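Work through the following exercises with the model open beside you, and try each task before reading its solution.

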Amino acid sequence: MDLANFLREHLHLCCCATALFIAAAAFPYLVPKPAVKPLQNSFLVLAFPLVGVSAALDAITDIAGGKVNIHVLMALAAFASVFMGNALEGGLLLAMFNLAHIAEEFFTSRSMIDVKELKENYPDSALVLNLDDDNLPNVSDLSYRSIPVHDVEVGSYILVTTGEAVPVDCEVFHGSATITIEHLTGEIKPLEAKAGDRIPGGARNLDGRMIVKVLKTWKESTLSRIVQLTEEAQLNKPKLQRWLDEFGEQYSKVVVVLSVAIAVLGPFLFKWPFISTAVCRGSIYRALGLMVAASPCALAVAPLAYATAVSSCARKGILLKGGQVLDALASCHTVAFDKTGTLTTGGLMFKAIEPIYGHIIGNKKTNFTSCCVPNCEVEALAVAAAMEKGTTHPIGRAVVDHSIGKDLPSVSVESFEYFPGKGLIATLNSAESGTRGGKMLKASLGSIEFITSLCKSEVESRKIRAAVNASSYGTDFVHAALSVDEKVTLIHLEDRPRPGVLDVISDLKDKAKVRVMMLTGDHKLSAWRVANAVGINEVYCSLKPEDKLNHVKRISGDMGGGLIMVGEGINDAPALAAATVGIVLAHRASATAIAVADVLLLQDNISGVPFSIAKARQTTSLVKQNVALALTCIILASLPSVLGFLPLWLTVLLHEGGTLLVCLNSIRALNDPSWSWGQDLRNLI
């Protein structure tokens, strides 16, 4: 089989064989008649082994494996021609078939993202710095060791110099550099990386020197996920492709049976001779023509558009978990977005902290200037920062970031309980608390609804809600509430829409003609503020994870067609899994969300959502065109061959021409998709 692959895959051998066959065919017109036969025989002896050995080995291997496919049909037709005395025609058949398949393999390779190249460009090792007594690198006197990239541990520090690739997902600890991530996300513009910036694994350092802190292991890093998901996508075949693979084998057997029937019954039904004469083509010759013309080669490559589209999306920083995702995307008529971190930047900005309930100001009931030490705002910030330490939630990150560098009282968390999508409850110990003696504090932090649900009475709950509505900062901000020993403090944060989101929503509504909505756990005022800013008219707010899941199921059932869910948090995971297609922002998404999603957007924006929908519709259209082209070519080549109008070599030319047309049409999936037939036609021209 290795010899067969060697002979088939080397273009120059096929070209030489084809040239020899053509020369042999031209001898009757170029040399005296007595010399024609000896020269033809000499050239055929040289040319036929170049393609005949490969075809024979392929056919024998397939038959031994119980398969009857295009290689078997072509080999049978070619060797039958030789036994009938048409060695020249049989040789031309194999030469053109091999040339056509080399062209087909070229187009197929163009359609696939080069995972091998990504792997080869990836560093095998990393320069891990030795740490001092404080577990930090000594930047003034660097000492390091080279270790395999698979052994790099989270928390290690790595030196990355000019021209090197960042081995794993990292954060810049010291220094700066100009990096490129074009091969990962399609982002052409070089980026400036400075201390505190996060860098995906695989980013290449164009200029500069930096020390980076490892955030993820090799298996969890961006480039590793790209390679893994792309390889899986190429293995996950769409439904049509799986059906064609199964159909192809059965179809090939039917073609063989029909060919044998024509060869045997043709002389009795249509008075054809068995062997061709100068007057009429024989039934065996016609049967060989049908065997070649009706073989399912063009049908087999019809799904090539799927692989091409997956590759096109990958080059744009959009990873699809298989070609079947394209079919699912094309069937969707509704897109639901999470708000925080998806439609908005997710990087909430801390605006203010406001005591609203239970706090005592002045000395009417106590001797303290304030009921909290050193004051209510500072203690509330210290407690909230202690509870949110190490969190990945946008509100928690904003609180912790705002607390950095401030002189806050010492607060330690003794016990902790998390309620997904609602908030958290903790027992804290504050040595500087106004409760004196280091008394334990009972604290809860979360949404207004979560805090009021913990109240002992409905009266207290109503008073807290009234205090929130009467806030001096208004109701436009994102709110979180902190309750410490029945004293409630309101935290005001600002969440800004992502740049370009308005254009994305406009494209989805006006061009893709899909229904767009927002599903969020945030309260009504905050949700509608963002929805109005980005152009969304349908909003479902104050949803817990199970509520989002139920909405996705209900909307999919009511509307018909599929639903696309776009999110990034762990609380979105149930809805992402239940949606027809789940799309996540890979840089922000939790591991759970990435695991259940069908599409990963490597760029930190949602512009890939309308592109993915347009690409899916383009691809399904191309696949339908490919099937129509393949069937048309089979019919146009089969009927004239059976009727005796076409010689065998011309039948092969028509058949392989149809296959190449399908390949060329599939390559159109590499082009950017459009929303109109007119634009598609202009791109084709």
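**Exercise 1.** Determine whether Lys513 counts as buried, partly exposed or exposed, and describe its backbone setting.

Solution. Begin with the accessibility: Lys513 counts as exposed because its relative accessibility is 63%, where exposed means over 50% relative accessible area, buried under 20% and partly exposed in between, with a 1.4 Å probe and protein chains only. Next, locate Lys513 in the loop that runs between helix H19 (501-510) and strand E16 (515-519); helices (H or I, at least four residues) and strands (E, at least two) are DSSP runs numbered from the N terminus. Finally, read the backbone angle: phi of Lys513 is near 60°, a positive value in a residue other than glycine.

The model is predicted, so local features need pLDDT of at least 70 and side-chain atom pairs count only at pLDDT 80 or more, while totals for chains, interfaces and linings use all residues. Residues are numbered from 1 along each chain as its sequence is written, and side-chain values use heavy atoms, with hydrogens and water left out.

**Exercise 2.** Carry out the analysis for Ser542, asking which elements flank its loop.

Solution. Strand E17 (539-540) and helix H21 (545-559) flank the loop that holds Ser542. Phi of Ser542, a residue other than glycine, is positive, near 55°. With 36% relative accessibility, Ser542 counts as partly exposed.

**Exercise 3.** How many helices and strands does the protein have, and what share of its residues counts as buried?

Solution. Counting the elements gives 26 helices and 20 strands. Of the 685 residues, 50% count as buried.
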